[in-house]
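Let's take a walk along one strand and meet its neighbours. Have the sequence and the 3D view open as you read.

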Amino acid sequence: MNQPRRANRDLIKALNRNLILNIVRSEGPLSRTQVTHISGLSVGAVSQLVNELLHESWLVEVGESESTGGRRQVMLRLNPTAGYVVGLKLMEDRVVCAVTDLETTVLTYAERPMSPDYTPQTVSAELAETVTQALAEADIPSARVVGVGIGLAGVIDCASGIVHYSPFFQWRSVPLADLVAARLNLPVYLENDVNTLTITEQLFGPGHSVPNFVVVTVGRGIGMGTVLNHQLYQGVHGGVGELGHVTIDENGPRCACGKYGCLEAMAADPAVIGDVESALTRGARTSLAPSPRMADIVRAADAGDPLAQDALARSGHYLGIGFATVINLLCPSLLIISGEGVAAGDHRLKPMFESLRKHTFNGLLDNVQIVVKPTDDQIWARGAAGLVVGKLFESPLLERVESQPAS
């Protein structure tokens, strides 16, 4: 009879401990009095749990509060070096890796080419070796690492660590998290790469404390991450956010997914390159040489090349239509537009905003804050590290629900 009561007491303590950690992480530095007020817990409970967290080095004391006429209070903040995390962004030709602290400050960054052997066994071995080398370079023992996060494109079941479908590797139902964890003997978490960015924006970026927001990324593909009521929305088996495969024109070009007229086929970076190459084949006058890269097209547009400018503007127009669909469906208060593709600047963004305003339902765009944030490979790796940090501060109640067997 005592065991359920003990289990309940342990769960309540774990929930209260998690509550205090999250309050200090998101609002700190704070005094014990402030933590007590925000948490609603008793003075005694806060005192006991804070002392435990200080003893375990999860929290640190960082000086005293400003005087308000009474006694100065010691301030608390999260100790960013209480543990370390590793973030990996897996791409079709390479992997990038960041070792960070618990605030996702990058301590070491590295990248390495991937073997063309895309078997799960080969890829998991290369990922594990990348992590081992990065930790050695950072001089961080694996005992101080709380976890490894992996982000990649595709349909990912984060709860089980399974890649249900990878468009780059043509994988189906691959337990990548378990394969890497077995080699590293560390917790490994797996997530869609855009979702890892979304989690990091929620923890440390413009999405902090925003209940409902969306992150869309433009580059090699087009992806979307969604936070609803402060929770990352993942759908069934992680199958949510495939904005790039919303049909824009069923008579449009063939997409890599096999369908026709997807937003990705109309507006992602390969679509821009394809438009330019088609024009070159037709003998269009341009400063661009055959087989241009995206950076070449952007430079040509900056120099006034009309073909490059038209290709980027066409991409921006279709992006605006796709993003208007997001606003019309979800009506978030914040839209973060990210990815390597936003580096094209106004040649792409100005037509995108014009199209977004034109195709959004009347009034829905009025109170939406829009933030444009270019990304690079290091930011993607940092996003994967944010996945681990998010797991670290997840509610123990959610852990218990996820661990229950399906009925």
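Leu 228 sits in strand β12, so that strand is our home base here. Keep in mind that this is a predicted model. Strand β12 covers residues 222-228, and six of its seven residues are buried.

**Leu 228 and the surface**
- How exposed is Leu 228? Its relative accessible area is 32%, which makes Leu 228 partly exposed, because that class lies between the 20% cut-off for buried and the 50% cut-off for exposed.
- Leu 228 also belongs to a nonpolar patch on the surface, together with Tyr 233, Leu 329 and Leu 330.
- Taken together, the four residues of that patch have about 380 Å² of accessible area.

**The neighbour before: β11**
- Strand β11 spans residues 213-218 and runs antiparallel to β12, with six bridges joining the two.
- To see the pairing for yourself, find Thr 217, which stands opposite Gly 223 of β12.
- Three residues link β11 to β12, and the connection is a hairpin.

**The neighbour after: β13**
- Strand β13 takes in residues 231-232, and two bridges hook it up to β12, again in an antiparallel arrangement.
- Which residue of β13 stands opposite Val 227? That's Leu 232.
- β12 and β13 make a hairpin too, with two residues in between.
- Look for Asn 229 in that turn: its phi is positive, at about 50°.

**A bit of background**
- In a regular strand, side chains alternate between the two faces of the sheet.

Note on methods. Residues numbered from 1 in each chain as written. Predicted model: local features only at pLDDT ≥ 70, side-chain atom pairs only at ≥ 80, totals over all residues. Heavy atoms only, no water. Buried < 20%, exposed > 50% of the residue type's maximum accessible area, 1.4 Å probe, protein only. Helix = DSSP H or I, 4+ residues; strand = E, 2+ residues; numbered from the N terminus. Pairing = 2+ DSSP bridges. Patch = residues over 30% accessible without salt bridge, like charges linked within 9 Å, V, L, I, M, F, W, Y side chains within 5 Å. Areas by Shrake-Rupley, 256 points an atom, 1.4 Å probe, with all protein chains shown as cover. Salt bridge = Lys/Arg side-chain N within 4 Å of Asp/Glu carboxyl O.
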